[in-house]
Amino acid sequence: MRLAPGYFSAAQQAALVEEVLALAAAAPFVTPRLPRTGAAMSVVQTNFGPLGWVTDQALGYRYEPAHPETGAPWPPIPDVLLELWRAVADYGAPPEACLVNLYRGGARMGLHLDADEAARDAPVVSVSLGDTAVFRIGGPRRQDPTRSFRLASGDVVVLSGPSRHFHHGVDRVLAGTSRLLPGGGRLNLTLRRVTPPQ
Ligand code: SIN
Ligand code: FE2
C-alpha cells in the first residue's frame, strides 16, 4: 500500500468537505445493515458516481446505480477526486464509485476485504477528512498479522497490487483531533472501479 500524508492542503480539505456535505444533502447518509443478521454498522454511508456500494439485511453487499431511499441516481464524483484518481491510481479507466463513510461518536469499521468489485486489478484510493483514525491493515487471510497507523485529515491511501486484497479496518477515531467537520467526526471517501473496463 501507499500512504501520502497531507496530500490535500487545509484549504483543499475544507472545500472538499463543503462539496461532499452539499452533495450528501441530495443523497442522505443511511445506516448500512449487515446481510442476514441485519445488524447496523456504526458508520453511516452515501455514495457518489454511477455506482454506489450498499448493504441491507435482505440483499447484502452490492453495487446499485441509485440511492436506496430516494431512488435517485447517486450524485457525480467531485472533480477533485477524479483528478486524484488520475494522479495516483495508475489505472486506465475512471473510478465508478465513491463510497462516503461518516464516522461519528464511537463509529469504527471491523477488519474486512473490499471484495465486491469485478475489477479486481484496479486499486482502491481513499481520502481521510476530519478526525484522525487508527487504521489497521493485515494480509490476504483474516488470521494474517496486522499493523496499525494513524490516518490524519488530508491523507490519501492507495491499496494496489497485493495490498488491494488485504484485510483492513478502522479501530477507532480520535475525537477532537480536527475541527474540519461541523459537529466533529471523520469522513472517508473511497474511490473504486467496479466493472472491468471494456
Ligand atoms: C473502508 O475500508 O471502507 C473505510 C476505510 C477508512 O475509513 O479509512
Ligand atoms: Fe474497505
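Trainee: What makes it right to say that ligand 1 sits in the largest pocket?

Mentor: A pocket, on a 1 Å grid over the protein atoms alone, is an open set of points with protein on both sides within 12 Å along at least five of seven lines, and a molecule sits in it if more than half of its atoms lie within 2 Å of its grid points. Ligand 1 meets that condition for the largest pocket. This is a predicted model, in which local features need pLDDT of at least 70, side-chain atom pairs count only at pLDDT 80 or more and totals for chains, interfaces and linings use all residues, while side-chain values use heavy atoms, without hydrogens and water. Residues are numbered from 1 along each chain as its sequence is written, with chains lettered from A and ligands numbered from 1 in written order.

Trainee: Why is the approach of Arg186 to ligand 1 called a polar contact?

Mentor: The term requires a pair of N or O atoms within 3.5 Å, and a polar side-chain atom of Arg186 lies 2.8 Å from a ligand 1 oxygen, so the pair qualifies. His112, at 3.1 Å from an oxygen of ligand 1, and Asn188, at 3.2 Å from one, also qualify. Taken alone ligand 1 exposes 260 Å² (Shrake-Rupley method, 1.4 Å probe), and the protein buries 96% of that.

Trainee: How do you know that E8 and E11 pair?

Mentor: Strands, which are DSSP runs of E with at least two residues, numbered from the N terminus, pair if DSSP finds at least two bridges between them. E8 (residues 133-137) and E11 share five, in the antiparallel sense, with Phe135 partnered by Val170. E11 (residues 168-173) is also joined to E6 (residues 109-112) by two bridges, so that pair qualifies too; His112 there faces His168 as bridge partner. Phe135, Val170, His112 and His168 are among the residues surrounding ligand 1, each with a heavy atom within 4 Å.

Notes. Helices (H or I, at least four residues) and strands (E, at least two) are DSSP runs, numbered from the N terminus. A polar contact is a pair of N or O atoms within 3.5 Å; within protein, one must be able to donate a hydrogen and the other to accept it, and residues adjacent in sequence count only if both atoms are side-chain atoms. On a 1 Å grid over the protein atoms alone, a cavity is a set of points where a 1.4 Å probe fits but cannot get out, and a pocket is an open set with protein on both sides within 12 Å along at least five of seven lines; lining residues have an atom within 4 Å of a point.
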